[in-house]
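Please open the structure in your viewer and keep the sequence panel visible. The tour below proceeds by selection: at each stop, highlight the named residues and then read what is there.

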Amino acid sequence: MNLVFLGPPGAGKGTIANKAKEILSIPHISTGDLFRSAIKNETELGKKVKTILASGELVPDSVTIDMVIERFMESDTQKGCILDGFPRTIFQADELSKIRKIDHVINFELDTSSVVKRLSGRRVCKSTGKTYHTIYNPPKIEGIDDETGEPLIQREDDKEEAILNRLKVYEEQTAPLIAYYEKLGLLRNIDASVAPELVLQELLSLLSK
């Protein structure tokens, strides 16, 4: 089963994908993770991607598509996958249709004020990538990772100005995918404002129909 997760930044796509992958036994492929790996390894591509992400812009289609195609070549994707953060544009969706048959496109719906509240409170452990939230999932000691004791950081793209820019970019470039997949009869809308457990339950119920 091949799934595409759509929705604005902060809608919880990654959280739900990490839970669903265990139940469905298919990998969660996040372009964000692919990019962050390149950044961490300080490749030329990683340095380029870091600058783009910090400004809230999207990585060029050609770079993203090549990264995803390379990931599809790994054996764990043979039974399917959950795509999170790809496709972001109609062009990417067209390219994806040439290499994978998509079964369902899940659109996680969340309003702007909720997006800002969720993302601006997010904090990350730099070495492990573990994510916290100042309101919803705080560490035991404020500003400190529970496991490593390292100071938590706020990613540049989680600061309010970058969030609003990301939402603007999303509306302009990614939101048209909703109409694209709706026309193909693949779109399934889910309310992402409720607790993650309820979102997951609705997702699994939808997929079982």
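**First stop: strand β3**

Select β3 and inspect its two sides: C81 and L83 lie on one side, I82 and D84 lie on the other, and all four are buried, so that both faces of the strand are covered. Please keep in mind throughout that this is a predicted model.

**Second stop: the whole sheet**

Now add the other strands. In what order do the 5 strands of the open sheet lie? The order is β2-β3-β1-β4-β7, and the pairing is parallel. In general, the strands of a sheet pair through backbone hydrogen bonds, either parallel or antiparallel. Colour β2 (28-30) and β7 (187-191) separately, as these are the edge strands, each pairing on one side only. Turn the view to follow the twist, which averages 25° from one strand to the next.

Return to β3 and examine its pairing with β2, which is parallel and extends over 3 bridges. Within this pair, I29 stands opposite L83 of β3.

**Third stop: strand β1**

Select residues 2-6, which form β1; 4 bridges join this strand to β3 (residues 81-84), and the two run parallel. Two positions show the register: the bridge partner of L3 in β3 is I82, and F5 stands opposite D84 in β3. Next, display β4, which pairs with β1 in the parallel sense, also over 4 bridges. Here F5 stands opposite I106 of β4.

Is β1 buried or exposed? Of its 5 residues, 5 are buried, so the strand is largely enclosed by the rest of the structure. Show the side chains: N2, V4 and L6 point one way, while L3 and F5 point the other way.

**Fourth stop: two nonpolar cores**

In soluble globular proteins, nonpolar side chains tend to be buried together. To see this model's largest nonpolar core, of 23 residues, select F5, I16, I82, I106, F108, I190 and L203, which have the most contacts inside it. At least two residues of this core come from each of β1, α1 (13-24), β4 (104-109), α6 (112-120), α7 (160-174) and α9 (196-208). Helix α9 supplies the largest share, with 5 residues.

Centre the view on I16. Leaving aside residues up to four places away in sequence, I16 touches F5, F108, P196, V199, L200 and L203. Another core, of 18 residues, lies apart from the largest one; V4, F72, I102 and L187 are among its members.

**Fifth stop: helix α4**

Select residues 61-72, the 12 residues of helix α4. From its first C-alpha to its last, helix α4 reaches 16 Å, close to the 16 Å expected at 1.5 Å a residue. Which residues of α4 are buried? They are V63, T64, I65, M67, V68, R71 and F72. To see what surrounds them, display β2, α2 (31-40), α3 (44-54), β3 and α5, against which the buried residues of α4 pack.

**Sixth stop: residue Q92**

Finally, select Q92, which is located in helix α5 (residues 90-99). The cut-off for a buried residue is under 20% relative accessible area. Because its relative accessibility is 2%, Q92 counts as buried. Show side chains around Q92: its own side chain makes a polar contact with that of D61, at 2.6 Å. Apart from residues up to four places away in sequence, Q92 touches D61, T64, I65, F86 and P87.

To close the tour, zoom out and select G143 together with Q92. These residues are 51 residues apart along the chain, and their C-alpha atoms are separated by 38 Å.

Notes: Residues are numbered from 1 along each chain as its sequence is written. This is a predicted model: local features need pLDDT of at least 70, side-chain atom pairs count only at pLDDT 80 or more; totals for chains, interfaces and linings use all residues. Side-chain values use heavy atoms; hydrogens and water are left out. Two strands pair if DSSP finds at least two bridges between them. Axes are lines fitted to C-alpha atoms, for helices over the stretch in contact, and angles run from 0 to 180 degrees between N-to-C directions. Buried means under 20% relative accessible area, exposed over 50%, partly exposed in between (1.4 Å probe, protein chains only). A polar contact is a pair of N or O atoms within 3.5 Å; within protein, one must be able to donate a hydrogen and the other to accept it, and residues adjacent in sequence count only if both atoms are side-chain atoms. Contact means heavy atoms within 4.5 Å. A nonpolar core is a set of buried Ala, Val, Leu, Ile, Met, Phe, Trp, Tyr and Cys residues joined through side-chain atoms within 4.5 Å. The expected span of a helix is 1.5 Å times one less than its number of residues.
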